[in-house]
Amino acid sequence: MEYNPFTLTGKTVLVTGASSGIGQESAIACSRMGAKVVITARNQERLHATFDQLNPEVEGHMQLLADMTVQQDVERLVGELPKLDGAVLCAGNSMTLPLQFGTREKFDSMFDINFFAPVELLRLMYKKKVLLKGASVVLIASIGGTHSFMPGNGVYGASKAALNSIMRYAAREYAARMVRVNSICPGMVNTPLIHDGTITEEQLAEDAKRYPLGRYGEPTDVANAAIYLLSDASAWMTGHDLVLDGGFSL
Amino acid sequence: MSIDQFIENFTDLFDETDPDTINETTSFKDLEEWSSLLALSVIAMIDEEYDVEFRGEDIRNSNTVEDLYNIVKSRVE
C-alpha cells in the first residue's frame with residue numbers, strides 16, 4: 001500500500017461554488033485524490049461542465065443545483081446531501097468599492113453570499129448531522145479583511161473577516177463531534193471573479209508583480225491546500241486560517 | 001442627464017484638486033491627484049448616480065471627462 005497521508009479515498013466531500021474558479025478546481029482535485037464529490041452551484045450548464053471533469057474512477061459523484069443565497073435552496077440541498085466527511089465552501093463573490101460608496105445595500109449583497117450563505121449551510125449540515133464525526137470543513141475566506149487591507153476591498157474584506165471569525169467559533173463548538181473547521185485565506189487568485197473588468201488586465205498584471213513569489217495564485221494552489229485540510233494529514237488542525245498568498249501579506 | 005451635473009459628480013470625488021480646474025476637456029489622468037482608488041470611485045459614482053455598469057477599461061479608453069460622460073450617456077437609455 002502506497003504511503004499517502006493526503007488521500008481522500010473513501011471520503012465524501014461537498015464543494016459549493018463548483019461551477020467555476022476555486023470551487024471547480026477543488027471539486028476536480030478532490031475527485032482525483034479519491035473522494036466521492038458532491039458539487040453544487042446555481043447554473044446547471046456550468047455545474048454539469050464541472051461534473052464531466054470529475055475523476056471517473058470514483059463512483060457516485062453527485063451534482064445538486066442550489067442558490068446559496070436562497071434559504072429554501074439551502075434547506076433542500078441539506079436534505080438531499082449524503083453523509084459527508086468533508087466540505088469546501090467556495091461559493092462567494094467579490095466587490096471592489098471605495099468605502100464611501102459602501103451602502104447598506106452593497107454590504108447586504110456581499111454578506112448574503114460571502115457570510116450568511118456559508119454560515120447557514122454549515123449550521124444546517126451540523127444540526128442535521130450531515131457532517132459525520134471527524135468531518136473537515138474548509139471555508140474559502142481571503143487575506144482581505146484580516147491580513148490585508150487594500151483600498152477598495154473593505155466591503156468584501158469585512159464579509160471575509162466575519163467568516164474567519166465564525167470559523168473559529170465553529171471550530172470550538174463543533175469539536176464536540178470532532179468536526180474540524182478551518183479556512184483558506186488566498187491572495188489574488190486567477191479566477192473569473194477578479195477578471196470581471198472592474199480592474200483592467202494591465203492593472204492586475206502590475207499588481208501581480210507585488211507578490212514576492214512573482215505571481216497571483218492559481219485555483220489549483222487553493223485546491224491543494226483544501227486537499228490537505230480535508231485529509232487526515234491535518235487531523236490535529238482546527239480553527240486555523242491558512243494564508244496562501246505568495247508572500248503578499250508579509 | 002447633463003454634462004454639468006456629471007462634471008460636478010466627478011469633481012466631488014477629488015479632495016485636493018481645485019474644482020474650477022476640471023471641465024469636460026480635462027485629461028483627468030494627468031491630474032496630480034488621479035489614482036487607482038479614484039478610478040474605483042469614478043466607477044462607484046457612476047453606478048450610484050446613473051445606475052450604469054462602468055468598467056476599468058472604460059476608464060482606460062477615456063482621456064477627458066467628456067469621454068467618460070459619453071460612455072455613461074450611451075448606457076443610460
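Modeller: A crossing of two helices is right-handed if the near helix is turned clockwise from the far one by less than a right angle, and left-handed if anticlockwise. In this predicted model, local features need pLDDT of at least 70 and side-chain atom pairs pLDDT 80 or more, whereas totals for chains, interfaces and linings use all residues. Residues are numbered from 1 along each chain as its sequence is written, and chains are lettered from A and ligands numbered from 1 in the order in which they are written.

Biologist: In which hand does α4(A) pass α5(A)?

Modeller: The crossing of α4(A) past α5(A) is right-handed.

Biologist: What describes two packed helices?

Modeller: The angle between their axes and the distance between the axes. Here helix α4 (residues 104–127) of chain A packs on helix α5 (residues 154–174) of chain A at about 15°, and the axes are 8 Å apart. Axes are lines fitted to C-alpha atoms over the stretch in contact, with angles from 0 to 180 degrees between N-to-C directions. α4(A) and α5(A) are therefore roughly parallel to each other (angles under 35 degrees).

Biologist: Which residues of α4(A) meet α5(A)?

Modeller: Contact means C-beta atoms, placed from the backbone, within 7 Å. On the α4(A) side, Phe107(A), Met110(A), Phe111(A), Phe115(A) and Leu122(A) are among them; the α5(A) side includes Val155(A), Tyr156(A), Leu163(A), Ile166(A) and Tyr174(A). Lys106(A) in α4(A) and Lys160(A) in α5(A) also belong to this contact. By class, the contact has 15 nonpolar residues (Ala, Val, Leu, Ile, Met, Phe, Trp, Tyr, Cys, Pro), two charged (Asp, Glu, Lys, Arg) and two polar (the others).

Biologist: How many helices and strands does chain A have?

Modeller: Helices (H or I, at least four residues) and strands (E, at least two) are DSSP runs, numbered from the N terminus. Chain A has seven helices and seven strands, in the order β-α-β-α-β-α-β-α-β-α-β-α-α-β. Chain B has four helices and zero strands, which run α-α-α-α from the N terminus.

Biologist: What radius of gyration does chain A have?

Modeller: Chain A has 17 Å over its 250 residues, which agrees with the value near 18 Å for a compact globule. The radius is taken over C-alpha atoms, and the globule rule is 2.2 Å times the number of residues to the power 0.38. Chain B, with 77 residues, has 11 Å, in agreement with a globule value near 11 Å. Along the principal axes, the C-alpha trace of chain A spans about 50 × 40 × 40 Å, and the C-alpha atoms of chain B fill a box of roughly 30 × 25 × 20 Å.

Biologist: How are the contacts in each chain spread along the sequence?

Modeller: Of the contacts between residues at least 6 apart in chain A, 75% join residues at least 24 apart. In chain B, 56% of the contacts with a separation of 6 or more join residues 24 or more positions apart.

Conventions
Two residues are in contact if their C-beta atoms, placed from the backbone, lie within 7 Å. Angles under 35 degrees count as roughly parallel, over 145 as roughly antiparallel, 65 to 115 as roughly perpendicular and the rest as oblique.
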